[in-house]
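Biologist: Could you take a close look at the interior of this chain for me and describe how its packing is put together? I would like one connected account rather than a list.

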Amino acid sequence: MQRPTPLHLVFDDEVQKLFDHFCSLLGIRIAFFDTAFQEVVVGLDKPSCRYCRLLRGRMGLDARCREQDRVKLEEATRTGSLVSYRCHGGLNEAIVPVSLSGRHIGFAMIGQFRSARAVPARYVRGWRRDVADTRDLEDAFEAVPFFPRAKV
């Protein structure tokens with residue numbers, strides 16, 4: 001009988017259910033990345049929040065987002081522990097290295113959620129310059145799950 005690989009053990013139905021339950025309970029996205037920083041599993045198949053999609057797409061910040069994620073994933077790899085941060089768009093995220101039998105097999109990325117009440121001013125200014133009405137951007141930001149700083 002062939003031994004299952006570490007990735008096979010991680011991606012079973014029970015782990016997917018766990019991801020799904022946490023995403024449903026908290027209203028946030030939880031994604032698993034392999035050691036090459038490729039997204040492999042997402043709880044509830046939940047896409048990035050609309051606010052992030054607007055920043056990445058309409059404001060052209062996809063490369064900046066990917067670079068920040070890469071830097072934080074590398075930090076989590078180097079430290080071997082949770083890395084929690086506020087992204088350039090004003091949202092909170094956390095990255096947790098995942099190991100199985102002492103072997104690093106990837107990361108869980110938790111987010112996005114917010115502890116801020118408003119869109120960072122630099123993005124409001126940029127949005128006004130390109131679109132004029134900021135309501136769409138502000139609505140998308142306000143739709144992101146909110147947790148007070150004390151809970152974060």
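Modeller: In this predicted model, 53% of the contacts between residues at least 6 apart in sequence join residues that are at least 24 apart. The chain has 152 residues, of which 40% count as buried, and its C-alpha trace spans about 65 × 30 × 30 Å along the principal axes. Its secondary structure consists of 6 helices and 5 strands, and read from the N terminus these elements follow the order α-α-β-β-α-α-β-β-β-α-α.

The interior is best approached through the largest nonpolar core, which holds 27 residues, and among these Tyr51, Leu91, Ile95, Val119 and Leu137 touch the most other members. Two or more residues of this core come from each of E1, H3 (50–58), H4 (62–79), E3 (83–86), E5, H5 (121–130) and H6, with H3 giving the largest share, namely 4 residues. Apart from this core lies another one, of 6 residues, which includes Cys23, Phe32, Val41 and Ile105. Returning to Leu91, and setting aside its neighbours within four places in sequence, one finds this residue in contact with Cys49, Tyr51, Cys52, Tyr85, Arg86, Gln112, Phe113, Arg114, Phe141 and Val144.

Two of the helices that contribute to the largest core, H3 and H6, also pack directly against each other, at an angle of about 135 degrees and with their axes 7 Å apart; they are therefore oblique to each other. On the H3 side the contact is made by Arg50, Tyr51, Leu54, Leu55 and Arg58, and on the H6 side by Asp136, Leu137, Ala140 and Phe141.

H5 joins this arrangement through its buried residues, which are Tyr123, Val124, Gly126 and Trp127. Viewed down the axis of H5, these residues fall within an arc of 165 degrees, so they line one face of the helix. The general background is that an α-helix has 3.6 residues a turn, so residues three or four places apart point the same way. The buried residues of H5 pack against H3, H4 and H6, whereas the face turned away from the buried side carries the exposed residues Arg125 and Arg129. Just after H5, Ala132 takes a positive phi of about 90 degrees.

Aromatic rings add a further layer to the picture, with 3 aromatic pairs when ring centres within 6.5 Å are taken as paired. In one of these, Phe37 and Phe107 are tilted, at 5.7 Å centre to centre and with 40 degrees between the planes. Phe37 lies in the loop between E1 (30–33) and E2 (39–42), while Phe107 belongs to E5 (residues 103–113), so this pair ties together parts that are 70 residues apart in sequence. Phe37 is partly exposed, at a relative accessible area of 26%, but Phe107 is buried, with 0% relative accessibility. Another pair, formed by Phe113 and Phe147, is edge-to-face, at 5.5 Å centre to centre and with 85 degrees between the planes. Because Phe113 lies in E5 and Phe147 in the segment after H6 (135–142), this pair ties together parts that are 34 residues apart in sequence. Here Phe113 is buried, with a relative accessible area of 9%, and Phe147 is partly exposed, with 21%. Phe113 is also one of the residues in contact with Leu91.

Notes: Residues are numbered from 1 along each chain as its sequence is written. This is a predicted model: local features need pLDDT of at least 70, side-chain atom pairs count only at pLDDT 80 or more; totals for chains, interfaces and linings use all residues. Side-chain values use heavy atoms; hydrogens and water are left out. Rings of Phe, Tyr and Trp (its six-membered ring) pair if their centres lie within 6.5 Å; planes under 30 degrees apart count as stacked, over 60 as edge-to-face and the rest as tilted. Buried means under 20% relative accessible area, exposed over 50%, partly exposed in between (1.4 Å probe, protein chains only). A nonpolar core is a set of buried Ala, Val, Leu, Ile, Met, Phe, Trp, Tyr and Cys residues joined through side-chain atoms within 4.5 Å. Contact means heavy atoms within 4.5 Å. The arc is that of the directions from the helix axis to the C-beta atoms. Axes are lines fitted to C-alpha atoms, for helices over the stretch in contact, and angles run from 0 to 180 degrees between N-to-C directions. Angles under 35 degrees count as roughly parallel, over 145 as roughly antiparallel, 65 to 115 as roughly perpendicular and the rest as oblique.
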